[in-house]
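Here are some worked exercises for you to try with the viewer open. Have a go at each task before reading its solution.

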There are 4 protein chains.
Amino acid sequence: MKVKVAINGYGTIGKRVADAVSLQDDMEVVGVTKTRPTVEALHARERGYPLYAAKEEAIEGFENAGMKIEGALEDLLQRADVVVDCSPGKVGATYKPLYEKAGVKAIFQGGEKHEVAGVSFNAYANYEEAWGRRFVRVVSCNTTALVRSLYPLKKEVGVEEVQAVMIRRAADPWDSSKGPINAIEPSLKLPSHHGPDVQTVIPDLNIYTVAVKVPTTIMHLHSIIVKLPKEVGEEEILSLWERYPRISFVSGALGVKSTAKVMEMARDMLRPRGDMYETIIWRDAVKIVNRTLYYFQAVHQESDVVPENIDAIRSMFEMADKEESIRKTDKTLGVGWTLS
Amino acid sequence: MKVKVAINGYGTIGKRVADAVSLQDDMEVVGVTKTRPTVEALHARERGYPLYAAKEEAIEGFENAGMKIEGALEDLLQRADVVVDCSPGKVGATYKPLYEKAGVKAIFQGGEKHEVAGVSFNAYANYEEAWGRRFVRVVSCNTTALVRSLYPLKKEVGVEEVQAVMIRRAADPWDSSKGPINAIEPSLKLPSHHGPDVQTVIPDLNIYTVAVKVPTTIMHLHSIIVKLPKEVGEEEILSLWERYPRISFVSGALGVKSTAKVMEMARDMLRPRGDMYETIIWRDAVKIVNRTLYYFQAVHQESDVVPENIDAIRSMFEMADKEESIRKTDKTLGVGWTLS
Amino acid sequence: MKVKVAINGYGTIGKRVADAVSLQDDMEVVGVTKTRPTVEALHARERGYPLYAAKEEAIEGFENAGMKIEGALEDLLQRADVVVDCSPGKVGATYKPLYEKAGVKAIFQGGEKHEVAGVSFNAYANYEEAWGRRFVRVVSCNTTALVRSLYPLKKEVGVEEVQAVMIRRAADPWDSSKGPINAIEPSLKLPSHHGPDVQTVIPDLNIYTVAVKVPTTIMHLHSIIVKLPKEVGEEEILSLWERYPRISFVSGALGVKSTAKVMEMARDMLRPRGDMYETIIWRDAVKIVNRTLYYFQAVHQESDVVPENIDAIRSMFEMADKEESIRKTDKTLGVGWTLS
Amino acid sequence: MKVKVAINGYGTIGKRVADAVSLQDDMEVVGVTKTRPTVEALHARERGYPLYAAKEEAIEGFENAGMKIEGALEDLLQRADVVVDCSPGKVGATYKPLYEKAGVKAIFQGGEKHEVAGVSFNAYANYEEAWGRRFVRVVSCNTTALVRSLYPLKKEVGVEEVQAVMIRRAADPWDSSKGPINAIEPSLKLPSHHGPDVQTVIPDLNIYTVAVKVPTTIMHLHSIIVKLPKEVGEEEILSLWERYPRISFVSGALGVKSTAKVMEMARDMLRPRGDMYETIIWRDAVKIVNRTLYYFQAVHQESDVVPENIDAIRSMFEMADKEESIRKTDKTLGVGWTLS
């Protein structure tokens, strides 16, 4: 018996989660929703995903455009065990009553508040917290990446303090409406929301975050400063991270000097959509000075939460323990490359 | 017996040609070259392509970096029937004496002058001209796209005059060294080289081209104006182009309003590297007024010449006639999609 | 007696018109409006422009922010002979009833439809049409630039047909909300609105325009193709344009190869705000082939309509004839430079 | 008797220093150099600056272009008391022997190493160190800005540790050759050179810096984290900085939310070339948590070192003490605005 998964919102995250679910042997996509008859709806149909209108009123639009549609979200929820809500930030929460009424479990994304689900999830850090739960929130791309590299540090070396400056992409590659074209925009609210958000997953981590928006569509870049409680060598930190396959390493010495080159690697690995699920750390820029660790990490905002969504489903349905789920997810998605 | 293909220069074009050759049943990759031990060299090895140094002197660099290398370009040429030169523009011609000495056939790219090969190639327009030839030049991405949409017009309707304004991407996605970041740069030489270059393929086409560089890494966009010799309807032009699978169509009505959205379609089709081999025409912006045809086409500069290189090999080795070669190439690469 | 000018909307155009009015000896600024207490409002006060709220309801916001305010737009109109409406596109028309009620003359900008005023204005082309009129519309930055270089051609050589491809900046320099960051967006509506808009000023000009949006904040660039009725030399065209001071020339040979370099010239001329009022033509890219003229022109979207607004006021109040007004405006603003 | 100033290299910095020197009553420009007959050379002549060729061999190029030239750099040095070297980074040092031979004093810019001059200069921090010296280096735009906000903190509150993440513009506005267009590039060398460079001015400051390049031409942005030795309030820090006129403040509440908006303010203040000499701090993003101070500052890379160059001249020629020189420089350039 496979878990039946509905995807509400076949956009940047939704289409990737749908494909990832399809690759698992213990779950299946029973349908996806769109609000309008766009080219993405055509792609969904080509992939064999039953297509539903996100709202009853939207059905007519699809029919007028000549697109076959199976019904509305309510109909889809009847066929599902769990819905992965991939609607735009802050919209997800408005669907919660519908999910409750339909009696399905639901996963929300990081654009929603912690309170919508009560559990904020990262597979490495707190897989067990989602065990059997009805509502779970997978944290955002930035928070996921922060947790991925900081959780191992905290667990295995200890962390006194984290300062993270997050240089954020301003729009996704397909999105030509958002700027800036030529400006840097500091987030004037301090700390940025990312620090407190990390603490929804690792409550006792002493972290402060600052965010800045820059004119690129390719990856976030984090400049991270960690005060360690003791003397540790750079190689020790690298070996520690190497045990976590959702972290991968690049090297300036081999010509990988920008986020653009990291994304080119994903293309050259023939990853679907050129996705880079792993948090990417520059091996030759990991530096420790006076018990202070400096490192850069790059985050593919479109895809890094995808494996986390799969693991969240397994935990919510008590289908596999943490190690088994991560192993399965990573194997099917090809997570955890090394080039040598 | 498969034709043995060497790739000199495993960069933007070279890596794609290598993968395309590998998908054919009548040719195979016998090796690729790099000048330095970069991450691209690691990718080549992971794909199973024997790796050679582009120059004898470069071998040491690979060995110092711990990368296994099979020899230098000269050694590779001994094992090859044909070399596809994918070295940077104007560098290709400097290799010609080496290719001649090794007794291999050679394909040059559009960064070289017509004279280096004497035949400038496009599969639709002049497949037969490359038949049995020793040296062939596959024209550039922009010229290829111009020929693809103009050749059918000229052949089937006639063309009095073409004015093309080419709004060019300034750098490839992986290349973070080139600008501009915030400027438009007209090419002050008139006509731009593209018009005369189209005439190396279609000698009697009356075409004038103007080029402008803009700050994007995603696709060239052509704004094309064609004076037709007679009254024709827009639907007639569209049906004509529909018979040529290396032209595909998108529609603003389905939300495809920018080059970024076109590239997102390639990603959503799970094309390797997110490539779009086809010349893309906006269906809802094809307009005829007073026997003057207006249309926009988008050109994926990284990949549109790839199928042409494969066809050029077949013509040079007299392996298949035009229709058969195009059909084979398109089938293996998945060229010629329609969404409906 | 100076004409009393109100500026409704102290933004990109409004602040420039206010400064230009202040430089004239026959008109004066009696006040400007803002909708919110922003830094621009502070600048207005520093320049000595009486500050009014664009709406009655907005007054409180200014007071809460501790900014002194003279009243609302209605109060300002009581003190004015003419209002230059510089509110955002399509908003201007909504103010017309208020202007009518207050009994003031009004100038609208190119973001409004021709019908709002009935006269679409360019100083070279139809100064007389605005003579004594109550409502006049100064055409947009792009239309102004097209008229400036095409009107002299049409008048002195004749024009059979114009094809203009307009490569448009996507946002103004200060505006960090608009994209695209990395895409080209063709305007799928053909012709773009600019062609018909030119015809509101030069009704019998045979012009077709195509527009494309690109990721820059610096100037529009026009690639223009003109069919001439007779053989003319390039030097003749250049001399013709040289008689019109709102056209200036740059040269790639002196290193001016991009719109960014043109704007740098304006900065180096110490123009206020680095403005370039003139339409800029590349002297070394003016080319005639078979009675077809090709040229590039760059357009500073923030400032090129400013002198036109001043002239429109003079024509509406019958203060000076065309030559005198243009001479006066150009002298005060420093329009019509040559470097040699 | 005015100090006679030569400018070697009339580029981004050189042209601004020339204009600033011209505004002083105790110094004058005796000539500027260019390597080629570009439009900048024409601008120099329009401003009345005698024009010299940077190299003897370059004279012919100017003459061929019809530009009058006074001689070569050697000739200019004969007429000068001091040369402000504004040649490109690392080129300046190669001129030092020539300056020594000519017996002139020389100021180098931050693109040269500290050792070229032995004194690295900032007017606030170490005006006296340049007193009477023959060679002085004015530190780079980024270092200048760091020193400007950190020196007051260190002097008046004390500083335990500084972590600065510097998000750098990739090219100047006029420069259309440099990228990236769409990528973020971390500087993989840690610490970036800025930290040690600050220590050439403030030797005992405990500072570590990290640098990241982003696709903008407008201002650097620094995210700065300072561990303070004692409890201090945010208002206290702000009042402290307010006593230093080369720091100015902006506020998100008034709509200044990006570097683009800061530059727009400079334009609206009608600063020549839209320059912002001051280091700009966001008032509403100065935050102290547990004796850790967070703030953002924006740096206009083209102009912030200009006043420092003027002060360096005065110190080198023992013309005025620190307070007097800063006051004079700031008054002539209009440094130290507040909007209220």
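**Exercise 1**

How are α11(D) and α12(D) oriented to each other?

*Solution.* Keep in mind throughout that this is a predicted model.

- Step 1. Get the geometry: α11(D) packs against helix α12 (residues 322-333) of chain D at an angle of about 140°, and their axes are 9 Å apart.
- Step 2. Pick the class. Angles over 145 degrees would count as roughly antiparallel, and 65 to 115 as roughly perpendicular. The pair α11(D) and α12(D) is therefore oblique.
- Step 3. Add the hand: α11(D) and α12(D) make a right-handed crossing.
- Step 4. List who does the touching. From α11(D) come D:Pro307, D:Ile310, D:Asp311, D:Arg314 and D:Ser315, while α12(D) supplies D:Ser325, D:Ile326, D:Thr329, D:Asp330 and D:Leu333.
- Step 5. Sort the residues of this contact by class, and you get four nonpolar, three polar and three charged.

**Exercise 2**

Work out how covered helix α11 of chain D is, and find what follows its end.

*Solution.*

- Step 1. Count the buried residues: 11 of the 11 in α11(D), residues 306-316, so defined by their neighbour counts, are buried.
- Step 2. Put names to them. The buried set includes D:Val306, D:Ala312, D:Ile313 and D:Met316, and charged residues such as D:Glu308, D:Asp311 and D:Arg314 are in it too.
- Step 3. Step past the helix. Just after α11(D), D:Glu318 has a positive phi of about 50°.

**Exercise 3**

Is D:Ala20 buried or exposed, and which residues does D:Ala20 touch beyond its sequence neighbours?

*Solution.*

- Step 1. Locate D:Ala20: you'll find it in helix α1 (residues 12-22) of chain D.
- Step 2. Apply the cut-off. A residue needs 20 or more other C-beta atoms within 10 Å to be buried. D:Ala20 has 25 C-beta neighbours inside 10 Å, so it counts as buried.
- Step 3. Look for contacts, leaving out residues up to four places away in sequence: D:Ala20 touches D:Val306, D:Ile310 and D:Leu333.
- Step 4. Tie this back to Exercise 1. D:Ile310 and D:Leu333 are also among the residues that join α11(D) to α12(D).
- Step 5. Check the sequence separation. D:Ala20 and D:Thr332 are 312 residues apart in sequence, but their C-alpha atoms are 8.0 Å apart in space.

**Exercise 4**

Now try helix α1 of chain C: how many of its residues are buried?

*Solution.*

- Step 1. Take residues 12-22 of chain C, the stretch that forms α1(C).
- Step 2. Tally them: eight of the 11 are buried, so the rest of the structure largely encloses this helix.
- Step 3. Name the eight. They are C:Ile13, C:Gly14, C:Lys15, C:Arg16, C:Val17, C:Ala18, C:Ala20 and C:Val21.

**Exercise 5**

Repeat the helix-pair analysis for α11 and α12 in chains A and B.

*Solution.*

- Step 1. In chain A, α11 (residues 306-316) and α12 (residues 322-333) pack at an angle of about 140°, with axes 9 Å apart. α11(A) and α12(A) are therefore oblique, and the crossing is right-handed.
- Step 2. Among the contact residues in chain A are A:Pro307 and A:Arg314 of α11(A), and A:Ser325 and A:Asp330 of α12(A).
- Step 3. In chain B, α11 and α12 likewise pack at about 140°, with their axes 9 Å apart. α11(B) and α12(B) are therefore oblique too, and they cross right-handed.
- Step 4. The contact residues in chain B include B:Ile310 and B:Ser315 of α11(B), plus B:Ile326 and B:Leu333 of α12(B). By class, this contact has four nonpolar, three polar and three charged residues.

**Exercise 6**

Which residues touch the most other members of the largest nonpolar core?

*Solution.*

- Step 1. The core has 458 residues, and A:Val5, B:Val5, C:Val5 and D:Val5 touch the most other members.
- Step 2. Zoom in on chain B. Leaving out residues up to four places away in sequence, B:Val5 touches B:Val21, B:Met27, B:Glu28, B:Val29, B:Val30, B:Ala80, B:Val82, B:Val84 and B:Ile313.

**Exercise 7**

How many residues of chain D are in contact with chain A, and which element gives the largest share?

*Solution.*

- Step 1. Count both sides: 35 residues of chain D meet 35 residues of chain A.
- Step 2. Find the largest share on the chain D side: β10(D) gives four residues.
- Step 3. Split that side by class: 23 nonpolar, eight polar and four charged.
- Step 4. Now look at chain A with chain C, where the contact takes 14 residues from each chain. The chain A side there has six nonpolar, six polar and two charged residues.

Note on methods:
Residues numbered from 1 in each chain as written. Chains lettered and ligands numbered in written order. Predicted model: local features only at pLDDT ≥ 70, side-chain atom pairs only at ≥ 80, totals over all residues. Buried ≥ 20, exposed ≤ 12 C-beta atoms within 10 Å, placed from the backbone. Helix = DSSP H or I, 4+ residues; strand = E, 2+ residues; numbered from the N terminus. Contact = placed C-beta atoms within 7 Å. Core = buried A, V, L, I, M, F, W, Y, C linked by C-beta atoms within 7 Å. Axes fitted to C-alpha atoms, helices over the stretch in contact; angles between N-to-C directions. Parallel < 35°, antiparallel > 145°, perpendicular 65-115°, else oblique. Left-handed = near helix turned anticlockwise from the far one by under 90°.
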